[in-house]
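Visitor: I'd like a close look at one part of this protein, the packing of its interior. Could you take me through that slowly, with the cut-offs spelled out?

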Amino acid sequence: MNRSAWWSLIASSVSCFPVHALQNVEWPEQFPFKDEDFQRFNETPDSLFYEAPRFVTHIDDAAIAALTKYYSEVFPPSNTPGVSILDMCSSWVSHFPKGYKQERVVGMGMNEEELKRNPVLTEYVVQDLNLKPKLPFEDNSFDVITNVVSVDYLTKPLDVFKEMCRILKPGGLAIMSFSNRCFWTKAISIWTSTGDTDHALIVGSYFHYAGGFEPPQAVDISPNPGRSDPMYIVFSRKLSTA
């Protein structure tokens, strides 16, 4: 089955974003997307786009509260010895539960001024993942990786997700959250031309084709459908044998 036929079959099987959006997906043998799917309307260097700090939030307060509540339910307890967390595509705020702390919380983002202002981080790295998807961390380093409303900007997602698998500890959790808001000129074309359920499939495919992860799952944590920003999660754990 070619990509177009597979996508039409899968995407038409669900009319909205249900929790079973990623259950029993029959993935094609090969990654179903092409290079042009990861092009952006604005292909100028991302370093220029993110050069000026933006001390704003990119989802509304209700969506932020829903994400923070979700984190409180799935994160290791605060101050658990030996726990390390990586917040990818981070900025001045990570939306972690109030007062949440771990010995090591690393932020990776594009703007140093934003990262310096983030109170939950114990360290940070400035890196453009679209130029350098290799992550500067040792194997099996992190218990949790988060990415808030930024997975849609990755132009080399399989490279990044393979790296995520490498640096996660066996059984480690990767949480990709997204809404329907973004910088449209910087989001990849396959994202801006599709809808919420498609986005779950897209992110799920990254986990699947990167290898080393459990089957991805999708969760709709939207707090007030139709009245506030939607909020979705696609997550997976690194296989214990990976």
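Guide: Here is a walk from the whole chain into its packed interior, with a stop at a few odd backbone spots. First, the ground rules: this is a predicted model, where local features need pLDDT of at least 70, side-chain atom pairs count only at pLDDT 80 or more, and totals for chains, interfaces and linings use all residues. Residues are numbered from 1 along each chain as its sequence is written, and side-chain values use heavy atoms, with hydrogens and water left out.

Confidence next: pLDDT is the predictor's confidence in each residue, from 0 to 100. The chain averages 87, and 84% of its residues reach 70 or more. Among the elements, helix H5 (residues 157-167) has the highest mean, 98, and helix H1 (residues 3-11) the lowest, 53.

The fold has 7 helices and 7 strands, taken as DSSP runs numbered from the N terminus (H or I, at least four residues, for helices; E, at least two, for strands). Their order from the N terminus is α-α-α-β-β-α-β-β-α-β-α-α-β-β. Of the 242 residues, 54% count as buried, where buried means under 20% relative accessible area, exposed over 50% and partly exposed in between, with a 1.4 Å probe and protein chains only. Contact means heavy atoms within 4.5 Å; among contacts between residues at least 6 apart in sequence, 71% join residues at least 24 apart.

Now the interior itself. A nonpolar core is a set of buried Ala, Val, Leu, Ile, Met, Phe, Trp, Tyr and Cys residues joined through side-chain atoms within 4.5 Å. The largest one here has 43 residues, and Phe161 and Met164 touch the most other members. At least two residues of this core come from each of strand S1 (84-90), strand S2 (104-109), strand S4 (142-148), H5, strand S5 (168-178), helix H6 (189-192), helix H7 (196-210) and strand S7 (232-237). H7 supplies the largest share, 8 residues. Beyond its neighbours within four places in sequence, Phe161 is in contact with Val151, Leu154, Met176, Val203, Tyr206, Phe207, Ala210 and Phe213.

Apart from that core lies another, of 25 residues, including Ile64, Leu67, Tyr70 and Phe75. For the helix around there, look at H3 (residues 61-74): its 14 residues reach 20 Å from first C-alpha to last, close to the 20 Å expected at 1.5 Å a residue; that expected span is 1.5 Å times one less than the number of residues. Ala63, Ile64, Ala66, Leu67, Thr68, Tyr70 and Tyr71 are the buried residues of H3, and they pack against S4, S5 and S7. An α-helix has 3.6 residues a turn, so residues three or four places apart point the same way.

Two backbone oddities are worth a click. Most residues other than glycine have a negative phi. Cys89, in strand S1, has a positive phi of about 55° and is partly exposed at 24% relative accessible area. His95, in the loop between S1 and S2, has a positive phi near 65° and is buried at 10%. Val93 lies in the loop between S1 and S2 too and is partly exposed at 25%; its C-alpha sits 7.4 Å from that of Pro119, 26 residues apart along the chain.

As for cysteines, Cys165 is buried at 9%, and the structure holds 0 disulfides, a disulfide being a pair of cysteine sulfur atoms within 2.5 Å.
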